[in-house]
Amino acid sequence: MKYLMLAFLLAFSTPAKSQTTLDGLQIGTGSELSIVLLHGDEGNGGDPLSYFAFGADIARRIPEATVHMLLRPGYQDPWGRQSPGENFGRRDQYTIENAKIIAENLDRIGQDAPIVAVGHSGGAAQLALALSFGNAVVDEVILVACPCDLAMWRELNPQWPEDTIVRSVSPMDFNPSNATHVTIISGSQDSTTPSALSQNYAKHLDSLGISNKLIIVPDGDHSGNRALSTAWLTAIFAARERLAN
């Protein structure tokens with residue numbers, strides 16, 4: 001009976017994992033900085049955490065940081081990790097509900113250390129939206145290949161079926177007031193999310209008085225070739241330096 005009572009107490013005293021806690025990988029043990037990475041849509045069904053080596057390289061180069069490679073809402077990887085939420089078949093998923101889930105996770109992670117939050121493609125769009133919700137101040141934001149202007153994105157793709165984007169909301173319609181500084185990176189050769197989308201979003205941030213820097217990467221593509229990846233890493237190191245000063 002004594003052991004049954006002990007088991008009962010342990011079961012009900014262990015904090016439950018929040019229903020909005022995103023799954024993923026945590027790399028490194030640094031306590032001075034939290035680097036959050038949000039993957040792209042991976043619409044072809046690929047492993048959303050296949051860029052593990054990139055996150056591991058960041059953790060190795062910045063030992064004072066912990067890298068949080070989060071699975072976006074509704075995503076799962078081949079190894080059994082799965083995040084709450086709905087991604088609607090990895091399409092049309094830039095919703096307020098998903099933005100709020102990401103914002104809650106930024107709030108949680110931000111309790112430990114300053115945040116550098118990085119989003120790629122659809123992850124950048126969801127990150128931009130999340131910055132309008134929650135309470136965490138994200139010290140440095142890096143948006144890579146962001147489809148941040150959905151209206152223009154539709155116009156640039158007249159071949160899309162009418163129902164391609166119906167539930168998603170555009171970052172252009174929100175104020176990412178939780179961001180202290182935003183770096184926007186776009187490859188000059190990106191045909192998926194052309195640089196005009198990033199340029200429009202930079203103008204949007206200017207109109208809101210939010211500090212930002214737009215970087216158009218010569219020969220950079222959408223997926224992360226050497227030119228784009230180098231600019232991506234450089235931006236993370238620059239954010240680290242600004243936070244250290």
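In the predicted model, Ala125 contacts Tyr94, Cys146, Pro147 and Pro171, when neighbours within four places in sequence are left aside. Ala125 belongs to helix H4. Its relative accessible area is 0%, under the 20% limit, and the residue is therefore buried. With respect to Thr29, which lies 96 residues away along the chain, the C-alpha atom of Ala125 is separated by 28 Å.

Helix H4 (residues 122–130) also takes part in a helix–helix contact: its axis and that of helix H3 (residues 96–109) come within 8 Å and cross at roughly 75 degrees. Because this angle falls in the range of 65 to 115 degrees, H3 is classed as roughly perpendicular to H4. On the H3 side, the contact is made by Asn98, Ala99, Ile102, Ala103 and Leu106, which meet Gln126, Leu127, Leu129 and Ala130 of H4. By residue class, this contact comprises 7 nonpolar and 2 polar residues, with no charged residue.

The loop that precedes H4 contains a residue with a notable backbone angle. Ser121 is located between strand S4 (115–120) and H4, and its phi is near 55 degrees, a positive value in a residue other than glycine. Most residues other than glycine have a negative phi. Ser121 has a relative accessibility of 9% and is therefore counted as buried. A positive phi is likewise found at Asp92, where the value is near 50 degrees, again in a residue other than glycine. Asp92 is placed in the loop between S3 and H3. With a relative accessibility of 7%, Asp92 is also buried.

The loop between strand S3 (65–70) and H3 holds Thr95 as well. Thr95 has a relative accessible area of 6% and is accordingly buried. Apart from neighbours within four places in sequence, the contacts of Thr95 are Phe88, Arg167 and Val169. Two of these partners, Phe88 and Arg167, are themselves paired: Arg167 lies over the face of the Phe88 ring, at 3.8 Å from the ring centre.

Aromatic pairs number 3 in the structure. In one of them, Phe54 and Trp232 have a centre-to-centre distance of 4.9 Å and an angle of 55 degrees between the planes, a tilted arrangement. This pair connects distant parts of the chain, since Phe54 is in helix H2 (residues 52–61) and Trp232 is in helix H7 (residues 226–244), 178 residues apart. Phe54 and Trp232 are both buried. Another pair is formed by Trp153 and Trp160, whose ring centres are 5.0 Å apart; the planes stand at 85 degrees, over the 60-degree limit, and the pair is therefore edge-to-face. The two tryptophans fall into separate accessibility classes: Trp153 is buried at a relative accessible area of 9%, whereas Trp160, at 26%, is partly exposed.

Phe54 is one of the buried residues of H2, a set that also includes Gly55, Asp57, Ile58 and Ala59. These buried residues pack against strand S1 (24–27), strand S2 (33–38), S3 and H7. Helix H7 contributes Ile236, for which the relative accessibility is 0%, so that Ile236 is counted as buried. Beyond neighbours within four places in sequence, Ile236 contacts Ile35, Ile58, Ile62, Val118 and Ile142. One of these partners, Ile58, is among the buried residues of H2. From Pro84, 152 residues away in sequence, Ile236 is 28 Å apart in space, C-alpha to C-alpha.

Finally, Gly46 is situated in the loop between S2 and H2. The relative accessibility of Gly46 is 22%, which lies between the limits of 20% and 50%, and Gly46 is therefore partly exposed. The C-alpha atoms of Gly46 and Ser186 are separated by 22 Å, with their positions 140 residues apart along the chain.

Notes: Residues are numbered from 1 along each chain as its sequence is written. This is a predicted model: local features need pLDDT of at least 70, side-chain atom pairs count only at pLDDT 80 or more; totals for chains, interfaces and linings use all residues. Side-chain values use heavy atoms; hydrogens and water are left out. Rings of Phe, Tyr and Trp (its six-membered ring) pair if their centres lie within 6.5 Å; planes under 30 degrees apart count as stacked, over 60 as edge-to-face and the rest as tilted. Helices (H or I, at least four residues) and strands (E, at least two) are DSSP runs, numbered from the N terminus. Buried means under 20% relative accessible area, exposed over 50%, partly exposed in between (1.4 Å probe, protein chains only). A charge sits over a ring if NZ of Lys or CZ of Arg is within 6 Å of the ring centre and within 35 degrees of the ring normal. Axes are lines fitted to C-alpha atoms, for helices over the stretch in contact, and angles run from 0 to 180 degrees between N-to-C directions. Angles under 35 degrees count as roughly parallel, over 145 as roughly antiparallel, 65 to 115 as roughly perpendicular and the rest as oblique. Contact means heavy atoms within 4.5 Å. Ala, Val, Leu, Ile, Met, Phe, Trp, Tyr, Cys and Pro count as nonpolar, Asp, Glu, Lys and Arg as charged, and the others, Gly among them, as polar.
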